Amino acid sequence: MRTRFDGTAGRATTALAAAAALALALAGCGGGTKDDAGGGGKGGSTAPTVRLPRLSGQKLQVTAVWTGPERENFVKVLDEFEKRTGAQVDFVPSGDDMAGFIGSKIAGGGPPDIAMLQQVGVLNEFAQKGWLKPLGATAKAQLAKNYTKGWRDLGAHKGTPYGVYFKASNKSLVWYNAKAFGNAGVTEPKDWKGFLKAAQTLAESGVEPVSVGGSDGWTLTDWFENIYLSQAGPEKYDQLARHEIKWTDPSVKQALSTLGQLFGRKDLLAGGNSGALATDFPTSVTQTFSGGDAPKAAMVSSADFAAANISQTKSRVGTDAKVFAFPAVGAKSPVVTGGDVAVALKDSKASQALLTFLASTDAAKIWAQAGGFISPNKELDQAAYANGVMRKIAGALIAAGDDFRFDMSDQAPASFGGKPGQGEWKDLQDFLKNPKDVAGTQAQLEKDAAKSFGH
């Protein structure tokens, strides 16, 4: 069995603290005050909190999946590291298949120094293969100072710390076009029934309700996981994440059937099912907040990082673009998180220095000020965030402590939960294509999961 995250796995209680904190935080996100919508704070003191070595003449290569505004903002972080150390850092995009990219680089004898992994499953696989270098003393010191046990455990394998969770995400959010909602007379729904009713009302008003970025399969796993966690509960969620129950379980049937209530209504999807399958994640966000009085969609279920894509449009987060918690399907709204963990593939003074920097509040503050980012770093001054919406979402994450569930597909082996065109990504794309085939989808998911988990 793969290493599990003991900070959350097996708890019988749902993420009540996180759900309560999120609900309280989002209750204030719709306001039009300058603080909620406008420029963020300066983040307090600008004095460095961590000492870094001089690395003049040393070169580092860093890889991540980020493109567009996310890449630009991460490069700002790397630029500051260069400025403070004298090292030269090159960013290399990995594409969506991080595991495949790193595998090919290892085979060729030229892996990058640092990789930002999106899947816990990939970290465990890489550590098992001996590809990762343990965190050094300075990085571990920053980690102990700035992170809760839950996030530290997520970056460890068999008790050895390898990773720094630099970027986190709250995946249990729905962003919406405030003007479209206002024109249709729709308010923020609290539960799944209300969500479907709101979508129907929006459709009748002339705006296609829900934007789905189905060409990027990971967006569909987020839809499933939010429904499953809220409906089946945390114990079942943990069991399915570890493949201790099969995907043919009745709880999976129930969740897919619930998701089918949306995916089975092409009038509720922007562009219908075929349009959703042809839409990538960035477009699913930007088309919701472009077009003035005639946007292509009214809402999109996406993590907090959608704010970076919204910033590419004329819409303003907090006024034009608002957000509510993913609707409760069961008793409570779900709280599903994701994250990007920095790991070293080469052990050097420079790579350890960068991991130390990424574990500090200094690095987190740079991207927080740029926007489209939340950090699990509990010591980061919340005033650093670019606007009130992000400040409240980040505050809710920190307030939740270790009471959350990590993205299920990201916990799985990459061949099942983290590769385009195969495993869970493809199976759910096939489900989006044919939402009536619940049993067939379950059977294929189980077949693919069993193969990847080695059962």
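Reader: Which residue just after α5 takes a positive phi, and of about how many degrees?

Author: That's Gly 130, with a phi of about 80°. Bear in mind that this is a predicted model: local features need pLDDT of at least 70, side-chain atom pairs count only at pLDDT 80 or more, and totals for chains, interfaces and linings use all residues. Residues are numbered from 1 along each chain as its sequence is written, and side-chain values use heavy atoms, with hydrogens and water left out.

Reader: And α5 itself: how many of its residues are buried?

Author: Helices here are DSSP runs (H or I, at least four residues; strands are E, at least two), numbered from the N terminus. Buried means under 20% relative accessible area, with a 1.4 Å probe and protein chains only. Helix α5 spans residues 120-128 and is mostly covered, with seven of its nine residues buried. Those are Val 120, Gly 121, Val 122, Leu 123, Asn 124, Phe 126 and Ala 127.

Reader: How do I read helix packing, say at what angle α12 and α22 pack?

Author: Fit axes to C-alpha atoms over the stretch in contact, then take the angle, 0 to 180 degrees, between N-to-C directions. Helix α12 (residues 250-263) and helix α22 (residues 438-453) pack at about 125°, with their axes 10 Å apart. The two are therefore oblique to each other (not under 35, over 145 or 65 to 115 degrees).

Reader: Which residues make that contact?

Author: With contact meaning heavy atoms within 4.5 Å, α12 brings Val 252, Lys 253, Leu 256 and Ser 257, while α22 brings Val 438, Thr 441, Gln 442 and Leu 445. An α-helix has 3.6 residues a turn, so residues three or four places apart point the same way.

Reader: What about aromatics: how many pairs does a search of the whole structure find?

Author: Rings of Phe, Tyr and Trp (its six-membered ring) pair if their centres lie within 6.5 Å, and planes over 60 degrees apart count as edge-to-face. The search finds 27 pairs. One of them is Trp 151 with Phe 406, edge-to-face at 6.3 Å centre to centre and 75° between the planes. It links distant parts of the chain, 255 residues apart: Trp 151 is in helix α7 (residues 149-154) and Phe 406 in strand β12 (residues 405-406). Trp 151 counts as buried at 3% relative accessibility, and Phe 406 is buried too, at 1%.

Reader: Which rings link into a cluster?

Author: Ring pairs join Trp 66, Phe 74, Phe 91, Phe 166, Trp 367 and Phe 373.

Terms used:
Rings of Phe, Tyr and Trp (its six-membered ring) pair if their centres lie within 6.5 Å; planes under 30 degrees apart count as stacked, over 60 as edge-to-face and the rest as tilted. Buried means under 20% relative accessible area, exposed over 50%, partly exposed in between (1.4 Å probe, protein chains only).
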